[in-house]
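Here is a friendly tour of one structure, written for someone who likes to look inside a model. Have the viewer open and follow along.

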Amino acid sequence: MTVSGKQPFLFGGAASSHQVEGNNPANDWWDWEMAGKVPFRSGEACFQYERYREDFEIAAKLGHNAHRFSVEWSRIQPQENQWNEEALRHYREMAREARRHGLEPIVTLHHFTNPMWFVRKGGWLSAEAVADFERFTKKTVEFLGPVVRTWITINEPMVYIYKGFWEGTWPPGVQSAGASLRVLRNMLHAHVRAYWVLHRHYELERLGPVWVSLAKHVIQFDPCRPFSRKDRWVTALRSWFFNDLVFEALTNGYFFLPGFAAEFLPLRDSLDYLGINYYFRDFIRFDRMTAKDPLGEICNKDHHQSEIRGTTQMGWEVRPEGLYQRLLGLRRFGKPVMITENGIATLDESQRESYIINHLSYVAQAVKEGVDVRGYLYWSLIDNFEWDKGYDPKFGLVGLGARGERKIKSSAHVLTETCRKLFQI
Ligand code: BGC
């Protein structure tokens, strides 16, 4: 099923509720910030809950034809038995406003944050997590269905699990392999159930086609020592685990992790397209199979200085070829692809401009080689709250002043010109 068969190549900015809205006191990230677990507070963020009209106007002025945003579960369902219709109407109005500005709304249901009532019940570890997420999806689509066609159920399940349940640096701060596996299973099931709920709703309400995926973080992994068989082997294993496992499970309808899990999912195929977020490459080496590093170790970048042409404020390598390689790797799924995030944190506009041009050129090359890429969403439209890194990393096409003033950066125009040139928009 494709809704964008007739649509032009989509391009625009991406964001998530907690990072831009401001004042989300009912979710677990706010709680984490208040507990002092990170030295930053999201506070008013970009004031976008109130100022989204202005932001869509900017995006439209820049020529964008799509915008990705997330709905905040803790606003929509502040308590387990309480729905906030005002918040639901707000997000519906946001999607309408996007359309009025010629922006295709692409809506994420879960982007890292959870309502506190859900967390108190055990969050994504709870046996009820899947049903809770399904109810939230159902309620949200009742309101947004008539306006939205493209959905992302869950943003970066592997990153969420890694940070929150393996490394424990993000809420809920758990460090456990068993918990990580449990959350992964719950998130796979939650995605499938949400996919089903969304499709059923569009069918019953005769709303036309709907396009559902998740946003999967992909990383280009290369062996630290290419001549080492062990490095090559562990790199391939890590790449399969991190990049492919989720897409394979959701397209084959079963989840298979040798020695740990084997189970069928309720649907065989629950991806209408493949949403990918790409940022960087990591080098992997095999030294020891400790419990903490069963998939090898990320090797220090100092060993690769001669190959690395640039890094970002996040310390990530700038590696546009990696996006191309990941895109070619997705051809085997035979599905359309949407780049749901790609971007750079930098203070240097000329670095951002060349980042955008180089990544998009590789996207165009992948398209020439048969990858069906339908869109590119730059992370992010506006500088925003970068989780445990606070407000220092500047990912935006638009800068954010102390009182929330918006200032368009030069790279914003480069994104538009490059997309127009390469994708005939
Ligand atoms: C996440 C965003 C984050 C961005 C930059 C992605 O992994 O979805 O929330 O801001 O990366 O770190």
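## The largest cavity

Let's begin inside this predicted model. The largest cavity is lined by Ala15, Ser16, Ser17, Val20, Glu21, Gln48, Tyr49, Phe69, Ser70 and Met94. By class, that lining is made up of five nonpolar residues, four polar ones and one charged.

Which helices and strands each supply at least two residues of this lining? They are helix H1 (17-20), helix H3 (48-61) and strand S2 (66-70). The space they help to enclose comes to about 50 Å³.

## The second largest cavity

The structure holds two cavities of 30 Å³ or more. For the second largest cavity, the volume is about 30 Å³. Its lining consists of Ser17, Ser70, Val71, Glu72, Trp73, Leu109, His110, His111 and Thr113. Sorted by class, these residues are three nonpolar, five polar and one charged.

Two names are worth picking out in the viewer. Ser17 and Ser70 line the second largest cavity, and both are also found in the lining of the largest cavity.

## Around the ligand

Now for the ligand. Its surroundings comprise 13 residues, and those that come nearest are Gln19, His111, Glu156, Glu341 and Glu386. The shell as a whole has six nonpolar, four polar and three charged residues. His111 is a handy landmark here, since this residue also belongs to the lining of the second largest cavity.

Which side chains place a polar atom 2.9 Å from an oxygen atom of the ligand? His111 does so, and so does Trp387. Gln19 joins in too: an N or O atom of its side chain is 2.8 Å from a ligand oxygen. How much of the ligand's accessible area does the protein cover? On its own the ligand has 310 Å² of accessible area, and the protein covers 96% of that.

## The chain as a whole

Stepping back, the protein chain has 13 helices and 13 strands. Its radius of gyration is 20 Å, close to the 22 Å that the globule rule gives for 425 residues, so the chain is as compact as a globular protein of that length.

If you are setting the scale of a view, the C-alpha trace of the protein chain spans about 60 × 50 × 45 Å along its principal axes.

How values were computed. Residues numbered from 1 in each chain as written. Predicted model: local features only at pLDDT ≥ 70, side-chain atom pairs only at ≥ 80, totals over all residues. Heavy atoms only, no water. 1 Å grid on protein atoms, 1.4 Å probe; cavity = no way out; pocket = protein on both sides within 12 Å on 5 of 7 lines; lining within 4 Å. Points joined across faces, edges and corners; volume = space filled by probe spheres on them. Helix = DSSP H or I, 4+ residues; strand = E, 2+ residues; numbered from the N terminus. Nonpolar A, V, L, I, M, F, W, Y, C, P; charged D, E, K, R; others polar. Near = heavy atom within 4 Å. Polar contact = N/O pair within 3.5 Å; in protein donor to acceptor, adjacent residues only side chain to side chain. Areas by Shrake-Rupley, 256 points an atom, 1.4 Å probe, with all protein chains shown as cover. Rg over C-alpha atoms; globule rule 2.2 N^0.38 Å.
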